[in-house]
Amino acid sequence: MDNGSPSKTLTFPADFAWGVATSSHQVEGGNLNNQWAAWENQGRIKSKDCAGFACDWWRNAEKDFDLAKSLGVNALRLSVEWSRIEPSEGQWNNSALARYRQMLKALHERGIRPFVTLHHFTNPQWFEAKGAFADPQSVGLFQRFTQRVIGALGDLSRDWTTFNEPNVYVSLGYFLGEFPPGKKGRILESAQVTKNLCLAHAAAYRTIHSLQKDASVGWAQHYVVFKPRKPESAMDRWLCGFIQRRFNNNFAESIQSGRAPFPLNKFGQNLHEVNGACDYIGINYYSRLRVGFAAQSAKTLFVQISVPPHKPQGDSGIEVPYGEVYPEGLRQAVEHFAGFKKPIYILENGVPDREDRIRPWAIESIVEEMRTLLAEGIDLRGYFHWTLADNFEWNEGWHLRFGLYELDPATQVRRPRSSAQIYQRLIKQSSFPATMSGPSVSGTPVSTQNGFHGALKEIDAQSRTIIAENEGAFGK
Ligand code: FCB
C-alpha cells in the first residue's frame, strides 16, 4: 500500500457492504413477549413511551425495504426476535420463522444482502425469568435457539452476528441499572453474565459453522472513544484508562485471549474454548466521551462522564448528553481491534439528530475516514448506518431520532431527512472511481478541511436545496 497521503479518489471495493442497521424490537412492533415489553409496561422508559407498532415491520417491513433499495444500499442488518420464535420454553413458532423467511427473501429480491443478528438486547420473558445470561443454562438454551434459526433461515443468509453489544447489555443491565433487569453495581454478576455470553457466543459460532460451512460469524462490539477530562490530572487519566479497559475490552478480550472477564480472571478462571471464535470484527461506533474524577459523585463511583458543549453533538438524551460526534475516532476503534487480524465491519454508526443539523456532516466525515483507512490497507468490508427510519430507542423511547427517514409512529408516515439523499449519493459515488473527487452533494464538492463548522454550513445549504427540490418525489 502507498505510504504517502491516502488517495481521495480511491473507490470502495465493489463488494463493500453499504447498509443500514436495525433490530427486531426497535422496528417490528406488536410483540409483548420479551423483557423489554415488560420493562416498558412497568413505566421504566424515561419518556414513558412504549415500542407499540414501532416501524410496523412485522406487518410490513417490505415498505422500508423499498426505501432501503431507493437509497442504493446493498446490505441491511436486522435481528430475529427470540421471543417470537420460541415464545415458551421449547415451543417453536414456525409461522414466526416463516415471516423471517419472507423478509429475507424480500431483501434478496431487492438485491440487498441480509446480515442477521441473533440477539439484540431482547430475551423471551420465560428466559429472563430463569435469570437470563446470569444462569449457566443460558448457554445451551441459546445454542438450541441458534440451531433452529440456522436450520430455518440458513439458506437465506451467510452473515451472522451472534450478540449485539454484549458490553452495553451488561453495563446498562447489571451495572448502571438503565436496561432490564435494572441491576446496579453488580461487579461479580456482570462478569458472570459476560462469561456466559462469551460461552453462548462460542457455542453459537460452532453451531453455525457445523450447519453452514461458508458462514461468516462475529459479534457487534460497542466502542467508545474515552478521553480524560483534564489530561493533566493523573486521576482523570487513570479513571479514563480503567473505564476504557472495562468497557471496550469487555467480551472482546475474552474472545481474543481466552481469559475470563475481570474480576473472574483474578480467581484463575479461563475460557479457553472461546478463544478466536469469530470470522470478523463487528464495531458499533458512535461517539467520544470525557471521563473525570468527581469527589461528590459517590453514586456513580466518583466518575463523571461529560461532553464539552462546543463539540459537535447530536440531540441530548432525556437525562444526559448523548456524546460528541467524533468521526476521526473510527481509526482508534479499528486500531483497537487490529490484534484480531480479521476483516472489519462497521455494524452501526449514526447520530440522534431530529432536525438533521449535523448528520450530513457526520455521514460525509465517517465515509471520508473509511476511505482513508481503506487506502492504508485496513480490511474494512462494510458500513451500516444506524438507522433507516426513526425507531424505538430503548430506555430513551421515541425521544432520540436516529433515522435517515423521519417517522411519525402514530401515522407511520416517513419523510426523508436531507441525510437520506446524502447517503444515497455517497454510496453511488463511492462505487465509481472515475468520477470520484471526494464526497459531494448535487455535484458540488463538500470539503471537510474547514472542520466541522465549515462543512456543516456548506452541507446544510446544499441539502436544504436538494430536499426542497425533491420533496414528495424522493424515496418513492
Ligand atoms: C446501539 C444499539 C442500537 C441503537 C443505537 C442507537 O447501542 O445497538 O440498538 O439503539 O445504539
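**Notes on the predicted model**

1. Starting with the overall layout, the protein chain has 15 helices and 14 strands. Keep in mind while reading that this is a predicted model. Of the 476 residues in the protein chain, 59% are buried. If you look at contacts with a separation of 6 or more, 75% of them are between residues 24 or more positions apart. As for the outside, the protein chain exposes about 18800 Å², and carbon and sulfur atoms supply 53% of that area.

2. Next, a helix pair to pull up on screen. Two packed helices are described by the angle between their axes and the distance between the axes. For helix H3 (residues 57-71) and helix H5 (residues 94-109), the axes come within 10 Å and cross at roughly 5 degrees. H3 is therefore roughly parallel to H5, because angles under 35 degrees count that way. On the H3 side, the residues in the contact are Trp-57, Trp-58, Arg-59, Asn-60, Ala-61, Glu-62 and Phe-65. They meet Ala-96, Arg-99, Tyr-100, Met-103, Ala-106 and Leu-107 in H5. By type, the residues of this H3 with H5 contact come out as nine nonpolar, one polar and three charged.

3. Just ahead of that helix is Asp-56, in the loop between helix H2 (35-41) and H3. Is Asp-56 buried or exposed? Asp-56 has a relative accessible area of 13%, so it is buried, the cut-off for that being under 20%. The side chain of Asp-56 makes a polar contact of 2.8 Å with the side chain of Arg-59. Arg-59 is also one of the H3 residues that meet H5. Leaving aside neighbours within four places in sequence, Asp-56 is in contact with Val-27, Glu-28, Ala-61 and Gln-412. Take Glu-28 from that list: Asp-56 and Glu-28 are 28 residues apart in sequence, yet their C-alpha atoms are 5.3 Å apart in space.

4. Two cis peptide bonds deserve a look. One runs from Phe-262 to Pro-263, with omega near 0 degrees. Pro-263 sits in the loop between helix H11 (252-257) and strand E6 (281-293). The other runs from Trp-386 to Thr-387, where omega is near 15 degrees. Here the residue after the bond is a threonine, Thr-387, and you'll find Thr-387 in the loop between strand E10 (380-385) and strand E11 (405-408).

5. Staying with the E10 to E11 loop, Asn-395 is found there as well. Asn-395 is buried, with a relative accessible area of 7%. Which residues does Asn-395 touch, not counting those up to four places away in sequence? They are Trp-36, Ile-45, Lys-46, Ser-47, Glu-178 and Phe-179.

6. Now for a pair of backbone angles. Phe-121 has phi near 75 degrees, a positive value in a residue other than glycine. Lys-341 also has a positive phi, near 55 degrees, and isn't a glycine either. Phe-121 is in the loop between strand E3 (113-119) and helix H6 (125-129), while Lys-341 lies in the loop between helix H12 (329-336) and strand E9 (344-349). How much of each is accessible? Phe-121 counts as buried, at 3% relative accessibility, whereas Lys-341 is exposed, with a relative accessible area of 73%.

7. On the other side of H12 is Pro-327, in the loop between strand E8 (324-325) and H12. Pro-327 counts as buried, at 4% relative accessibility. Setting aside residues up to four places away in sequence, Pro-327 touches Tyr-285, Trp-361, Ser-365, Ile-366 and Glu-369. Of these, Tyr-285 is 42 residues from Pro-327 in sequence, with a C-alpha to C-alpha distance of 8.9 Å.

8. Last, Ser-210, which belongs to helix H9 (residues 187-211). Ser-210 is partly exposed, with a relative accessible area of 48%. A polar atom of the Ser-210 side chain lies 2.7 Å from the backbone oxygen of Thr-207. Ser-210 and Gln-147 are 63 residues apart in sequence, and 9.6 Å separates them in space, C-alpha to C-alpha.

Technical notes
Residues are numbered from 1 along each chain as its sequence is written. This is a predicted model: local features need pLDDT of at least 70, side-chain atom pairs count only at pLDDT 80 or more; totals for chains, interfaces and linings use all residues. Side-chain values use heavy atoms; hydrogens and water are left out. Helices (H or I, at least four residues) and strands (E, at least two) are DSSP runs, numbered from the N terminus. Buried means under 20% relative accessible area, exposed over 50%, partly exposed in between (1.4 Å probe, protein chains only). Contact means heavy atoms within 4.5 Å. Accessible areas come from the Shrake-Rupley method with a 1.4 Å probe; for residues, only the protein chains shown count as cover. Axes are lines fitted to C-alpha atoms, for helices over the stretch in contact, and angles run from 0 to 180 degrees between N-to-C directions. Angles under 35 degrees count as roughly parallel, over 145 as roughly antiparallel, 65 to 115 as roughly perpendicular and the rest as oblique. Ala, Val, Leu, Ile, Met, Phe, Trp, Tyr, Cys and Pro count as nonpolar, Asp, Glu, Lys and Arg as charged, and the others, Gly among them, as polar. A polar contact is a pair of N or O atoms within 3.5 Å; within protein, one must be able to donate a hydrogen and the other to accept it, and residues adjacent in sequence count only if both atoms are side-chain atoms.
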